[in-house]
Amino acid sequence: QLQLVESGGTLVQSGGSLRLSCTASGFTLENRAMAWFRQAPGKEREGVACISSSGSAAAYADSVKGRFTITRDNGKNTVYLQMNSLKPEDTGLYYCATGRRGRPEATMLDYIHPADFANWGRGTQVTVSS
């Protein structure tokens with residue numbers, strides 16, 4: 001069974017840091033671009049960060065540039081999201097997903113759109129208190 005499982009979300013104070021993990025089971029992430037998304041109550045799902053299959057390229061939403069870092073460890077079949085200087089507006093349910101086969105990675109890195117990704121996990125909640 002193909003599955004992505006996110007973890008690491010919790011309640012944190014503004015200015016704090018968290019590291020989220022996304023681990024795959026039933027398939028390998030090695031040849032897939034990966035992305036993190038988030039969704040706050042009443043808002044649409046937003047692309048946060050994307051990393052190429054090799055890990056050599058990454059892209060970020062403007063709202064998190066300079067604060068978040070996406071990395072991957074293909075040997076552990078895991079993708080990470082390091083979040084620093086957290087703000088209350090970073091609160092949301094964070095999901096990871098794999099890039100759809102056949103989509104050019106440059107396209108996914110240029111604009112992190114949910115339609116270009118699949119195999120969604122159930123998410124991990126991040127709450128940043130002010």
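Which residues does Ser52 touch, not counting residues up to four places away in sequence? In this predicted model, the contacts of Ser52 are Ala33, Ala57, Arg72, Glu105 and Leu109, with residues up to four places away in sequence left out. Ser52 sits in the loop between β5 (46-51) and β6 (58-60). Although a loop residue, Ser52 is buried, at 4% relative accessible area.

## The chain as a whole

The chain contains one helix and 11 strands. Their order along the sequence is β-β-β-β-β-β-β-β-β-α-β-β. The C-alpha trace spans about 40 × 30 × 25 Å along its principal axes. The radius of gyration is 14 Å, which agrees with the value near 14 Å for a compact globule of 130 residues.

Of the 130 residues in the chain, 44% are buried. The exposed surface of the chain is about 6600 Å², and carbon and sulfur atoms supply 45% of this area. Among contacts between residues at least 6 apart in sequence, 61% join residues at least 24 apart.

## Strand β4 and its partners

Strand β4 covers residues 34-39, and five of its six residues are buried, so the strand is largely enclosed by the rest of the structure. Its pairings involve β5 and β9.

With β5, the pairing is antiparallel and is made by five bridges. Within this pair, Ala35 stands opposite Cys50 of β5. The two strands form a hairpin with six residues between them. Gly42, in the turn, has a positive phi of about 80°.

With strand β9 (residues 92-99), β4 is joined by six bridges, and the two strands run antiparallel. Here Trp36 has Cys96 as its bridge partner in β9.

Ala40 belongs to the loop between β4 and β5. Its relative accessibility is 21%, and because the buried class ends under 20%, Ala40 counts as partly exposed. Leaving aside neighbours within four places in sequence, Ala40 is in contact with Thr91 and Gly92. The C-alpha atoms of Ala40 and Glu89 are 8.7 Å apart, for a sequence separation of 49 residues.

## Cysteines

How many disulfides does a search of the whole structure find? The search finds one. Cys22 and Cys96 form a disulfide, with their sulfur atoms 2.0 Å apart. The pair links distant parts of the chain, since Cys22 is in strand β3 (residues 18-25) and Cys96 in strand β9, 74 residues apart. A disulfide is a covalent bond between the sulfur atoms of two cysteines. The link of Cys22 and Cys96 is right-handed, with 65° about the S-S bond.

Why does Cys50 have no bond to the closest cysteine sulfur? That sulfur belongs to Cys96 and is 12 Å from the sulfur of Cys50, which is too far for a bond. The cut-off for a disulfide is a sulfur pair within 2.5 Å.

The relative accessible areas of these cysteines, together with those of the other individual residues discussed in this report, are as follows.

| Residue | Relative accessible area | Class |
|---|---|---|
| Cys22 | 0% | buried |
| Cys50 | 0% | buried |
| Cys96 | 1% | buried |
| Val79 | 1% | buried |
| Ser52 | 4% | buried |
| Ala40 | 21% | partly exposed |

## Val79

Val79 lies in strand β8 (residues 78-83). It is buried, with a relative accessible area of 1%. Not counting residues up to four places away in sequence, Val79 touches Leu20, Ser21, Cys22, Leu29, Met34, Trp36, Ile51, Ile70, Thr71 and Arg72. One of these contacts, Cys22, is also a member of the disulfide with Cys96. Another, Trp36, is the residue bridged to Cys96 in β9. Arg72 is in contact with Val79 and is also among the residues touched by Ser52.

Val79 and Gly16 are 63 residues apart in sequence, and their C-alpha atoms are 21 Å apart in space.

Notes: Residues are numbered from 1 along each chain as its sequence is written. This is a predicted model: local features need pLDDT of at least 70, side-chain atom pairs count only at pLDDT 80 or more; totals for chains, interfaces and linings use all residues. Side-chain values use heavy atoms; hydrogens and water are left out. Helices (H or I, at least four residues) and strands (E, at least two) are DSSP runs, numbered from the N terminus. Buried means under 20% relative accessible area, exposed over 50%, partly exposed in between (1.4 Å probe, protein chains only). Contact means heavy atoms within 4.5 Å. Two strands pair if DSSP finds at least two bridges between them. The radius of gyration is taken over C-alpha atoms; the globule rule is 2.2 Å times the number of residues to the power 0.38. Accessible areas come from the Shrake-Rupley method with a 1.4 Å probe; for residues, only the protein chains shown count as cover.
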